[in-house]
Amino acid sequence: MGARDSEVVHGYPHLETVRAAITALYRRLSPEGVLSYAPSVLPADVAFGDGEDPHLGAQSVARSLVRHLRLPDARMIVSFREMDHAASVELTAGPEYFIELNDRFRVHRRDIGAALAHEITHVLLHRLDLSFPGTRDNEILTDTVTAYLGAGWLLLDAFREDRLTSQKLGYLTPEEFGYVLAGRALAFGEDPSPWFTSPQAYTAYTKGRALALREARRPPLTTAGWAGRHRYARDVRRAAERGATVVSEDGGYAVEPGPDGPRVSFACPTCHQRIRVPARGRVRARCGLCRTILECGD
């Protein structure tokens, strides 16, 4: 298992798995555990010069990422070889873990931090006993956790694309990486955009951030615009009149009738766990998982 070079796909084909991964991370670590990963790993911590020995430089970057991901008793032994994937790690009981990097990283060193971040997150998830069934979903979980815990901006920054060539590391699309990083930025009050050296990475981040912001400003949240609040009020009336569940046009919420009046269920914009609150007037809700305070109402 490991980070891979891949044909560049755009958009949000893995979004449901990404959201499930963020929910699972909050469940496993708790809100305090997740917030303990602030701030993100900094560019200076994962860089080394062109004249530096690639083995020594890679070991230094690995140590920085081990500290950031709170694995102080784990030792990463990094080597290079010819391989199809960008990198791989042998998951054992530890404390030593053997990471292999594609031999091309001896020359193209700027993305070593990205490849190592993904593999060291595999070690973290292994120790946390957190996994998804199936290789594809488990790799999406790893990319998502890498980004949400402050090391995944490196993976997005490895994305470069022009008319003739392209490069991307990881299993998420560039826009999905941007979406996860934006969710972290909103939760942590951190802006990763100054760290991007790739213009394409910055563009993907802005697209993912736009989606994350839309989710934070849609009904039943009071941050929704006038049109959204109007549609929400209409759906609440329809659910009460018909005695049947009404789902919003974008699937963002569902209004259910009940003996004490309609109730609305929707995903927390921070951790994506479903929340259910009364659909009448202004309501202040607290997510039971991430403890985000949400102002709801029409």
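## Strands, helices and a few unusual backbone spots

In strand 9, the residue standing opposite V264 is V277. That pairing is a handy place to start looking around this model, which is a predicted one. V264 belongs to strand 8, which covers residues 263–267, and strand 9 runs over 274–278. The two strands are antiparallel and are joined by five bridges. They also make a hairpin, with six residues sitting between them. In the turn of that hairpin, H272 shows a positive phi of about 75°.

Step back a little and the hairpin turns out to be part of an open sheet of four strands, ordered 6-7-8-9, with antiparallel pairing. A bit of background helps here: the strands of a sheet pair through hydrogen bonds of the backbone, and the pairing can be parallel or antiparallel. At the edges of this sheet are strand 6 (246–247) and strand 9, each of which pairs on one side only.

Moving on through the sheet, strand 8 also pairs with strand 7, again in the antiparallel sense, this time over four bridges. One match to look for is A254, whose bridge partner in strand 8 is S265. Strand 7 and strand 8 form a hairpin too, with six residues between them. The turn here contains G261, with a positive phi of about 105°.

Strand 7 takes up residues 253–256, and its antiparallel pairing with strand 6 rests on two bridges. A254 turns up again here, since V247 stands opposite A254 in strand 7. So what packs on this sheet? Helix 8 does, touching strand 6, strand 7 and strand 8. The direction of helix 8 makes about 35° with that of strand 7.

There is another sheet to find, an open one of three strands in the order 1-3-2, and here the pairing is mixed. Strand 1 and strand 2 (87–90) are the edge strands, each pairing on one side only. Ignoring direction, neighbouring strands in this sheet are turned by 20° against each other on average. Strand 2 pairs with strand 3, residues 96–102, in the antiparallel sense over four bridges. Within that pairing, A87 has L101 of strand 3 as its bridge partner. Helix 3 packs on this sheet and touches strand 1, strand 2 and strand 3. Its direction makes about 150° with that of strand 3.

Helix 3 has a helical neighbour as well. In general, a pair of packed helices is described by the angle between the axes and the distance between them. Helix 2 (residues 54–68) and helix 3 (residues 112–128) pack at an angle of about 45°, and their axes are 10 Å apart. Because of that angle, helix 2 counts as oblique to helix 3. The crossing of the two helices is right-handed. On the helix 2 side, the contact is made by A58, V61, A62, L65 and V66. Helix 3 contributes I112, G113, L116, A117 and I120. Sorted by character, the residues of this contact come out as nine nonpolar, one polar and no charged.

Now for some backbone oddities. Where are the cis peptide bonds? One joins A38 and P39, with omega at about -5°. P39 sits in the loop between helix 1 (15–35) and helix 2. Another cis peptide bond joins P219 and P220, with omega at about 5°. Here P220 lies in the loop between helix 7 (199–215) and helix 8, and helix 8 itself spans 226–242.

Phi angles bring up another pair of residues worth clicking on. S30 is not a glycine, yet it has a positive phi of about 80°. This serine is found in helix 1. Is S30 buried or partly exposed? Its relative accessibility is 26%, so S30 counts as partly exposed. R70, also not a glycine, has a positive phi of about 60°. R70 is found in the loop between helix 2 and strand 1 (75–81). With a relative accessibility of 48%, R70 counts as partly exposed, because the exposed class begins over 50%.

Definitions and conventions. Residues numbered from 1 in each chain as written. Predicted model: local features only at pLDDT ≥ 70, side-chain atom pairs only at ≥ 80, totals over all residues. Heavy atoms only, no water. Axes fitted to C-alpha atoms, helices over the stretch in contact; angles between N-to-C directions. Parallel < 35°, antiparallel > 145°, perpendicular 65-115°, else oblique. Left-handed = near helix turned anticlockwise from the far one by under 90°. Contact = heavy atoms within 4.5 Å. Nonpolar A, V, L, I, M, F, W, Y, C, P; charged D, E, K, R; others polar. Buried < 20%, exposed > 50% of the residue type's maximum accessible area, 1.4 Å probe, protein only. Pairing = 2+ DSSP bridges.
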